[in-house]
Amino acid sequence: APGRAMKDGNKMAYDRAAGRVQQSVAGRIRNAEERLRRLLADPVPRPPEPLRFTLASPKGGSLHGTVLEATGVTVTGRLAPTDVTVKAGERLLITGPNGTGKSTLLTVLAGRLAPDTGQVTRRGRIGHLPQEPAPGRPGETVLQAFARGLPGHPDEHTETLLALGLFTPDRLTTRVTDLSTGQRQRLSLARLLSRPSDVLLLDEPTNHLSPSLIEDVEQALADYPGTILLVSHDRRLRTHWTGTHLPLPLHSPADPPGNANGEPTPA
C-alpha cells in the first residue's frame, strides 16, 4: 500500500504492487476528470434568489404622508361611492362579498380605469397585479413580454428573468398565448417584481400559484417596506395579515349613494 514501508527484501514484488496501486489511482483520476467535464458541460443551475419587491424611491427618499386618496369614486354597476385614504407604508386589506367592486376599486386606483364620478390622487410609482393575468399579445414570447417597456433588447433581460426562478430557460421562447393561466400569472408576477414600485395594488396575488411559490410571495410581501393594498380570499394570507382593513359592503342599485362609503378599521 502507498506509504507503507517494505517488511522484507522482495523489492520486485513491491514494485509490482506499487504498479497496481498507481493504475488504480490513475483510473480514479480519469473518472473524476470525466465527472468534472460533464458537470462543466451541463452545470447544476444556481438556486434562484428569494423573491423581492423593491421600492422605486431611492434609499433615504421614501414617500411620506398620503400616497393614495379616492373621494366618492364610482363605476356604474360595478362600484358604489367609495372613499379611501392610504398613507405611505400602510398595508390595507380590502374585503367584501363578490360583486362589491374590490377588483374595480384597485383598477381605478391604479389608473387603468377612469371612475364615472369622484377623484383619485396618486403619489409615487404604482405596481398593479390584476386578478386575471393578461392573455398575451399575438406572437409575443415569454421573454419579450417580460422585457416589454424595459430599455434595450429583450435578450439583455434573460438573466434577470431566470434569476427569479419562475421560468426555466426552455420556456423563454414559448408564446404567451400558449401558456396556462398559472404560467401567465407567473409572468405577471415576474414583471411586477422587476419593476420597482412605491405602492403595490395586488388583486388575489396567490391565485393559480403552487403552494411553494405562494409561500415565497407571502415572504416577499412581509419584507416589502412600501405601501400595499391587497384583495384576497386566501385564508392563510388573510390570517397572517398585519395592517388596516377596509370591508366593502354589498349594495343593490337602489341603495342611496351615501351608504356605500367605507372607512379603514384595524385588522
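Is Glu140 buried or exposed? Keep that in mind for a moment. This is a predicted model, and I'll start there.

Glu140 is buried, because its relative accessible area is 10% and the cut-off for buried is under 20%. Its side chain is also charged business: Glu140 and Arg148 meet in a salt bridge, at 2.8 Å from N to O. Arg148, the partner, is partly exposed, with a relative accessible area of 29%. So this bridge joins a buried residue to a partly exposed one.

Who else is around Glu140? Thr174 is one contact. Thr174 sits in the loop between helix H4, residues 158–163, and helix H5, residues 181–193. At 16% relative accessibility, Thr174 counts as buried. Beyond four places in sequence, Thr174 touches Glu140, Thr141, Val142 and Leu179.

Now follow that loop into H5. First, the geometry. H5 has 13 residues, so at 1.5 Å a residue the helix should span 18 Å. The end C-alpha atoms are 18 Å apart, which agrees.

Next, cover. How many of the 13 residues of H5 are buried? The count is 10, so H5 is mostly covered. The buried set includes Gly182, Gln183, Arg184 and Gln185. It also includes Leu187, Leu189, Leu192 and Leu193. What covers these buried residues? Among the elements are strand E5 (126–129), helix H3 (142–147) and H4. Strand E6 (199–203) and helix H6 (211–223) are also included.

That takes us to the core. The largest nonpolar core has 33 residues. The residues with the most contacts inside it are Phe53, Leu161, Leu200, Leu202 and Ile228. H3, H5, E6, H6 and strand E7 (227–231) each supply at least two residues of this core. In general terms, nonpolar side chains tend to be buried together in soluble globular proteins.

Take Leu200 as an example. Leave aside neighbours within four places in sequence. Leu200 is then in contact with Phe53, Gly127, Leu192 and Leu221. Tyr224, Thr227, Ile228 and Leu229 are also on its contact list. Leu192 is one of the buried residues of H5, and Phe53 and Ile228 are among the core residues with the most contacts.

There is also a second, separate core, of 21 residues. Leu68, Leu79, Val86 and Leu106 are included in it.

A quick stop at Val120. It is in strand E4, residues 117–122. Beyond four places in sequence, Val120 contacts Glu69, Ala70, Val73, Val108 and Leu109. Val120 and Ala110 are 10 residues apart in sequence, and their C-alpha atoms are 9.5 Å apart in space.

Back to charges. How many salt bridges does a search of the whole structure find? It finds 5. Besides the Glu140 bridge, I want to show two in helix H1, residues 11–41. Arg37 pairs with Glu34, the closest N and O atoms being 2.6 Å apart. Those residues are 3 apart, about one turn of the helix. Glu34 also pairs with Arg38, at 2.9 Å between the closest N and O atoms. Here the separation is 4 residues, again about one turn. An α-helix has 3.6 residues a turn, so residues three or four places apart point the same way. Together, Glu34, Arg37 and Arg38 are linked in a network of salt bridges. On accessibility, Glu34 is partly exposed, with a relative accessible area of 28%. Arg38 is exposed, at 54%.

Now the whole chain. It has 7 helices and 9 strands. Of its 267 residues, 34% count as buried. Take the contacts with a separation of 6 or more: residues 24 or more positions apart account for 68% of them. The chain exposes about 15,600 Å², and carbon and sulfur atoms supply 53% of that.

Last, confidence. The average pLDDT is 86, and 85% of the residues score at least 70. Over residues 253–267, though, the pLDDT is below 50. That stretch still has 28 contacts in the model, beyond near neighbours in sequence. Where pLDDT is low, the predicted coordinates should not be read in detail.

How values were computed: Residues numbered from 1 in each chain as written. Predicted model: local features only at pLDDT ≥ 70, side-chain atom pairs only at ≥ 80, totals over all residues. Heavy atoms only, no water. Buried < 20%, exposed > 50% of the residue type's maximum accessible area, 1.4 Å probe, protein only. Contact = heavy atoms within 4.5 Å. Expected span 1.5 Å × (residues − 1). Core = buried A, V, L, I, M, F, W, Y, C linked by side-chain atoms within 4.5 Å. Salt bridge = Lys/Arg side-chain N within 4 Å of Asp/Glu carboxyl O. Areas by Shrake-Rupley, 256 points an atom, 1.4 Å probe, with all protein chains shown as cover. pLDDT = per-residue confidence, 0-100.
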